[in-house]
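Reader: I would like a close look at a single part of this model, taken slowly and with the distances given. Please start from one residue and then work towards the ligand site.

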Amino acid sequence: MTSAKSSAPPERPWTTGTAPGSVPLLGHTLALWRRPLQFLASLPAHGDLVEVRLGPSRAYLVCHPELVRHVLLNPRVFDKGGVFDKARQLLGNSLSVSRGEDHRYQRRMIQPAFHPPRIAAYTAAVADDTRTATGSWQPGRTLDISDTMHALLMRVAARTLFSTGVDEATIDEARHCLRIVSHGIYKRTMAPLGIMEKLPTPGNRRYDRANARLRQIVDQMISDRRRSGADHGDLLSTLLRAEHPETGQGLADGEVLDQVVTFLVAGSETTASTLAFVFHLLGAHPEVEKRVHAEIDEVLQGRSPAAEDLPSLEYTRAVITESLRLYPPSWMAMRVTAAETELGGRTVPAGTMILYSAQALHHNPELFPDPERFDPERWLPDRAGEVPRGALLPFGAGSHKCIGDVLALTETALIVATIASRWRLRPVPGTALRPEPKATLEPGPLPMVCVPR
Ligand code: HEM
C-alpha cells in the first residue's frame, strides 16, 4: 500500500449513517443487486456518507456533492481498484482502467483526438450519418429507438473516431458483438468469485466468440490503417502515432486494440442510451417537444445543424441535461482507498471500497427539488445557478472525468436536432420505460412510431 495523503477534506459537520435492511452474511448485497437504482437513491436520506455492507466487506457511498468531489479530485488516495482490477484483465491497461503515471501519460496522448477543433470536424459526419439512418424511415413505421440509436452511434464512431471505410454489415456485426462483450465485462467484473464465468456454459461461449470476433474486426481496421499510412487526425491516428515521451516507444497493435475496444465500450452505449432516453422523454411530454421543435426550426431555418448552432439550441440542450440527470448512463462507479484516510469525519482504512453514484446525487430532493419531475427549465440560465456545485455529475470529475463528455453532448444535440427537425417520435401506447442498470443505464426496448413533421 502507498502512504499517499489526500488534500484536506472539506470541513463541515458531516452526517454519517448505515444503510437500513442489512441481512446476515449478505449485508445489502441483495438490495444492491435486485433494485440498485431505488436502493442507491434512498441512501442520501441516511447521511452524507453511508455505510453499505457487501457480504463481509464494508463499503461507503459518498452522498454529499462536496465529499464526492473530494474523492474524485484525490485519485492518489481514492484509486481505481476493485472492479477496475478485474476490468484490466478484460480490457488491457487502457485509458479507463489505467492509474497513476501511466494514466496521466495515456490521457495526455489521447486528449488531442477530443480537442474542440477535432470535435467540430466530426459534426458533418454525425449529421450526415443521422440523415442516412433516418432516410429509410416511413410515416407510421414503428422502430425501437434504443436499438436504432445504438446502430447509429456505432456508425458514427466508426466514421469519426476511426475514419474507417468498413462496410455497414461489418459495423452491424461489431455492434452485435460489442453488446455481448459489454454485458459480459459487466457481469465478470461484478461477479464476486469469478468462477461461473470460466465454466463452458452457452453464455460464456457466446461471450468468447463475440469478444474474439470484435477484436478480429478492430484488428483488421488497425492493420488497414497502418498499411495505408494515412493520418486522419482521428482517435485511431492519434493512437498509432503515439510515442512515449521518455522511451520514444509507440503502442503495439495489441495495445491500440485494447484502447479501441475500451472507447467503443465507454462511448457508444452511453451516448446511444442518452439519445433513446431523450426521445422517450420528448414523446412523453408533448409541450416540451413542441418547444424543442420551435427552437430547432428558428435556429436552423431548414438547414442541417452544425457545431456553431449548438450554443443557440439552449432549450434543446437543457432537455438533454435533464435527461442525463434523470437517467445517468454511468449510474454508479467506485474507487478503493490506497491508504488510510479521513472521509466525512470517519477514518477509513486502506483497501475500502468507496462508491459514488450519479443516480443517488441526481435523485436527491435536497439537491433537486421534486427530483422525479422532468423539468428541463432547471437548466435554463435563470435557474441553473440554483443547483448546488457538483450535484450534477453525469460525466464524473477529476483526472478520470469522461474524456468524451464534449463529444457526447455535441453528438447528442446534433442527432436530436437533425431528427427532430423532420420527425416526431410517438410512444407506442402501453410501453413503459424500465431503465436497466447494467454496465451503463440502459433504456431497454422502446418502440416508437415515426410521424413526419
Ligand atoms: C452520454 C455519454 C457518456 C457518459 C454519461 C459518460 C460517462 C462517463 C463517466 C461518469 C466517466 C467516469 C467514470 C469514473 O469516474 O470512474 C467516464 C469515463 C470515460 N469515458 Fe465517458 N461517458 C459518455 C460518453 C463517452 C464517449 C463518447 C467516450 C469516447 C468516445 C467516452 C470515453 C470515456 C473514457 C475513455 C473514460 C475513462 C476516462 C479516464 O479514466 O481517464 N465516454 N465516462
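Author: A suitable starting point in this predicted model is His362, which is placed in helix H14, the run of residues 358-362. His362 counts as buried because its relative accessibility is 0%, where the cut-off for that class is under 20% relative accessible area. The side chain of His362 reaches the backbone nitrogen of Leu393 at a distance of 2.8 Å. Leu393 also appears among the contacts that His362 makes once its neighbours within four places in sequence are left aside, and these contacts further include Ala391, Leu392 and Pro394. The remaining members of that set are Leu324, Arg325, Pro328, Phe368 and Pro371.

From there we can turn to the ligand. Its iron atom has a single protein donor, the SG atom of Cys402, which lies at 2.3 Å. Cys402 is found in a loop, the one between helix H15 (381-384) and helix H16 (405-420).

Helix H16 also holds Asp405, a residue that is classed as buried because its relative accessible area is 14%, under the 20% cut-off. The side chain of Asp405 makes a polar contact, at 3.0 Å, with the side chain of Lys401.

Around the ligand as a whole there are 29 residues, and the closest of them are His103, Arg107, Tyr356, His400 and Cys402. For several of these, a polar distance to the ligand can be given. An N or O atom in the side chain of His103 is 2.6 Å from an oxygen atom of the ligand, while for the side chain of Arg107 the corresponding distance to a ligand oxygen atom is 2.7 Å. Tyr356 likewise places a polar side-chain atom 2.6 Å from an oxygen atom of the ligand.

As for the elements that build this shell, helix H5 (100-110), helix H11 (253-284) and strand S6 (333-337) each supply at least two of its residues. The most is given by H11, which contributes 6 residues to the shell. By residue class, the shell around the ligand is made up of 14 nonpolar, 11 polar and 4 charged residues.

Taken together, the picture of the site joins one sulfur donor to the iron, from Cys402, with polar side-chain atoms of His103, Arg107 and Tyr356 that lie at the stated distances from ligand oxygen atoms.

Note on methods
Residues numbered from 1 in each chain as written. Predicted model: local features only at pLDDT ≥ 70, side-chain atom pairs only at ≥ 80, totals over all residues. Heavy atoms only, no water. Donors = N, O, S within 2.8 Å, 3.2 Å for Na, K, Ca; no water. Helix = DSSP H or I, 4+ residues; strand = E, 2+ residues; numbered from the N terminus. Near = heavy atom within 4 Å. Polar contact = N/O pair within 3.5 Å; in protein donor to acceptor, adjacent residues only side chain to side chain. Nonpolar A, V, L, I, M, F, W, Y, C, P; charged D, E, K, R; others polar. Buried < 20%, exposed > 50% of the residue type's maximum accessible area, 1.4 Å probe, protein only. Contact = heavy atoms within 4.5 Å.
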